[in-house]
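Here is a structure to look through together. Keep the 3D view open, and turn it as you read.

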Amino acid sequence: MSSEILLLFTFVLAIFLGVELISKVPSQLHTPLMSGANAISGVTIVGALVAAGSLAEGTVSVVLGTLAVVFATINVVGGYLVTDRMLAMFKTKQHGGDK
Amino acid sequence: MNQDTLVQLAYIAASVLFVYGLKMLSSQRTAKRGNLVSAAGMLIAVIATLIGQDMQYQWIILGILIGGAIGATAALRVPMTSMPEFVALFNGFGGMASLLVGWAEYQRNLPEWSGGEPSYITVVAIALAALIGGLTFTGSLIAYGKLSETLNSKAILYRGQQIVNAAIVAVALIAIIVFAINADNPTTAASYAPFLLLVGLALVLGVLATIPIGGADMPVVISLLNSYSGLAACAAGFVIMNTMLIVAGSLVGASGMILTAIMCKAMNRSLGNVLFSGFGAVSTAGGTAKQGEAKPITPEDAYYILENARSVVFVPGYGMAAAQAQHVVRELGEILEDNGSEVKYAVHPVAGRMPGHMNVLLAEANVPYEQLVEMDEINPAMESVDVAIVIGANDVVNPAAREDPSSSIYGMPIINVDYARTVFVLKRSLASGFAGIENDLFFKENTRMLFGDAKSSVQAVINEMKEDA
């Protein structure tokens, strides 16, 4: 039981950490923040990999796991790439884009 | 040190990189690197998982290839104007992945649990991953449909809507309880049936909870779904007892919640009001329409005023995105700068269909970051602004929010363009905005209306300026 309590403990602390981290983001960056955070939520890929790759599985579990890998990978790859694309466009005047 | 410890250490490293990456995302200077830092964390997490235990790799490789190809193609192709629906869709995919992880884990544990000793924490976590993941998935699909205008973006309301939704939630909770009680039942159908029911209800709930929310409230919905996708990942973390998943999921959950709160505050409404009231579906009677006379001007008139303006502020809204006018707006801004004006772009927090969307479009059009200013920054300086140019924004510049207590948007913070010496409003007609209320701004003494498509209007002004130069 104690390990579950530890997980709960971690969960609560991480929520507070997240609130502290994000509360100061300027509104100009809200869209990239959201798509970047969205990419992080693709971390569920870790669970998907375990399910899709486990050796002694029934087929159903592997099929579900593989589907989960597909969805999570779309989320991770697409999320990071599009965030990078967006952030590359935010330029300051010094190195401002060509006119 | 055994292999498992190494994997756990790698997970800690990944968590730190996520935290640090998110922190760096909060400043324009470090944001791009921050995103890479967080991506590096993800890579470490994936590699550690892959080498941490014996696995068969063929399905994993297949899944990653398919998902990677779809994700990369979509991310590189999506136009910036479509970013809201893109992010909405991706939120949904994250939710679906978490649902599937919960389901796969349930399926894997089933032989051991039936007739044995299930871990009830895991059982409940599986149920929550299915519930949150499922409703995030279909909710996001509806949001995608509304944002891309595949579906009608109007709020869909019907009598007893909230009772129906509450009933579904209640049945879903009962399904979770039945599922948990029967997790050790030797007859697998006894727990599988309530589980499948739960998945079905979650999917239906996502649809029903999103349809009553209208187009203008989409910034709130996207933020909320963003938060849910994180919480779903969190639930998946409890399912597989993985601390990193819980940390990363909570960070995303928290960030989505904060954005949701910021959006609600920027509309001066409670979350409950946004989610349940179907704002804008019925044209609210509020607002005494002090109709006056709108003063239309031609691009030529606009040019004469702009020529002598020392400071100009553009206030874009969703209409700028719809008209794809961001590039001509930037061009006009540059011409004005060359002419000696100080040019700024002021963006309301809920302008457009997702938080910060207008800023992305202006950045895409090469507007330098320091010219993008927040509402709270521009409002105190508004009285010294010569010309405020409103492009496709309506409710977020409606002075009724400040002056008219009977208005349905009264109390909402707005960009006080009416305090500028002259206001240009670029608009197709005098029609009301999402909130369905008249905008007194159009009839103010210092307001000039430039009717027509935003892009061609701006282009016409540019032509006037060039002709004369």
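What follows is a walk through this model, chain by chain and piece by piece.

Before anything else, remember that you are looking at a predicted model.

Let's begin with chain A. It has four helices and zero strands, so to speak an α-α-α-α run when you read from the N terminus. Of its 99 residues, 62% count as buried. How do the contacts in chain A spread along the sequence? If you take the contacts between residues at least 6 apart in sequence, 64% of them join residues at least 24 apart.

Now bring in chain B. Chain B is divided into three parts: domain 1 covers 1–77, domain 2 covers 83–276 and domain 3 covers 299–468. Going by C-alpha atoms, the centres of domain 1 and domain 3 of chain B are separated by 41 Å.

Where do the two chains meet? The contact takes 81 residues from chain A and 97 residues from chain B. On the chain B side, the elements that each supply at least two residues include the helices α1 (3–24), α2 (31–52), α3 (58–77) and α4 (83–113), and also the strand β3 (372–374). Which of them gives the most? That is α4(B), with 17 residues. Sort the residues on this side of chain B by character and you get 60 nonpolar, 28 polar and nine charged.

Next, find the sheet in chain B. Six strands form an open sheet, in the order β3-β2-β1-β4-β5-β6, and the pairing is parallel. Why do β3 and β6 of chain B each have one side without a neighbour in the sheet? They stand at the edges, each with a single partner strand, so nothing in the sheet sits on that other side. Neighbouring strands here are turned by 25 degrees against each other on average, if you ignore direction.

Zoom in on one pair: β5 (residues 422–427) and β6 of chain B run in the parallel sense and are joined over five bridges. Within this part of the sheet, B:Val425 stands opposite B:Met449 in β6(B). A helix joins the picture too, since α14(B) packs on the sheet and touches β1 (311–316), β2 (342–347) and β3 of chain B. The direction of α14(B) makes about 145 degrees with that of β2(B).

Stay in chain B and look for helix α17 (residues 454–468). It has 15 residues and reaches 22 Å from its first C-alpha to its last, close to the 21 Å expected at 1.5 Å a residue. Which residues of α17(B) are buried? They are B:Ala454, B:Lys455, B:Ser457, B:Val458, B:Val461 and B:Met465. An α-helix has 3.6 residues a turn, so residues three or four places apart point the same way. What covers the buried residues of α17(B) includes the helices α11 (299–307), α12 (318–322) and α13 (326–338), along with the strands β4 (387–391), β5 and β6 of chain B.

Finally, two loop residues are worth a look. Most residues other than glycine have a negative phi. B:Met241, in the loop between α8 and α9 of chain B, has a positive phi near 55 degrees. B:Met241 has 16 C-beta neighbours inside 10 Å, so it counts as partly exposed. B:Asn268 lies in the loop between α9 and α10 of chain B, and its phi is positive as well, near 55 degrees. With 14 C-beta neighbours inside 10 Å, B:Asn268 also counts as partly exposed.

Key: Residues are numbered from 1 along each chain as its sequence is written. Chains are lettered from A and ligands numbered from 1 in the order in which they are written. This is a predicted model: local features need pLDDT of at least 70, side-chain atom pairs count only at pLDDT 80 or more; totals for chains, interfaces and linings use all residues. Two residues are in contact if their C-beta atoms, placed from the backbone, lie within 7 Å. Ala, Val, Leu, Ile, Met, Phe, Trp, Tyr, Cys and Pro count as nonpolar, Asp, Glu, Lys and Arg as charged, and the others, Gly among them, as polar. Two strands pair if DSSP finds at least two bridges between them. Axes are lines fitted to C-alpha atoms, for helices over the stretch in contact, and angles run from 0 to 180 degrees between N-to-C directions. A residue is buried if 20 or more other C-beta atoms lie within 10 Å of its own, exposed if 12 or fewer, and partly exposed in between; C-beta atoms are placed from the backbone. Domain bounds come from an automatic or database domain assignment. The expected span of a helix is 1.5 Å times one less than its number of residues.
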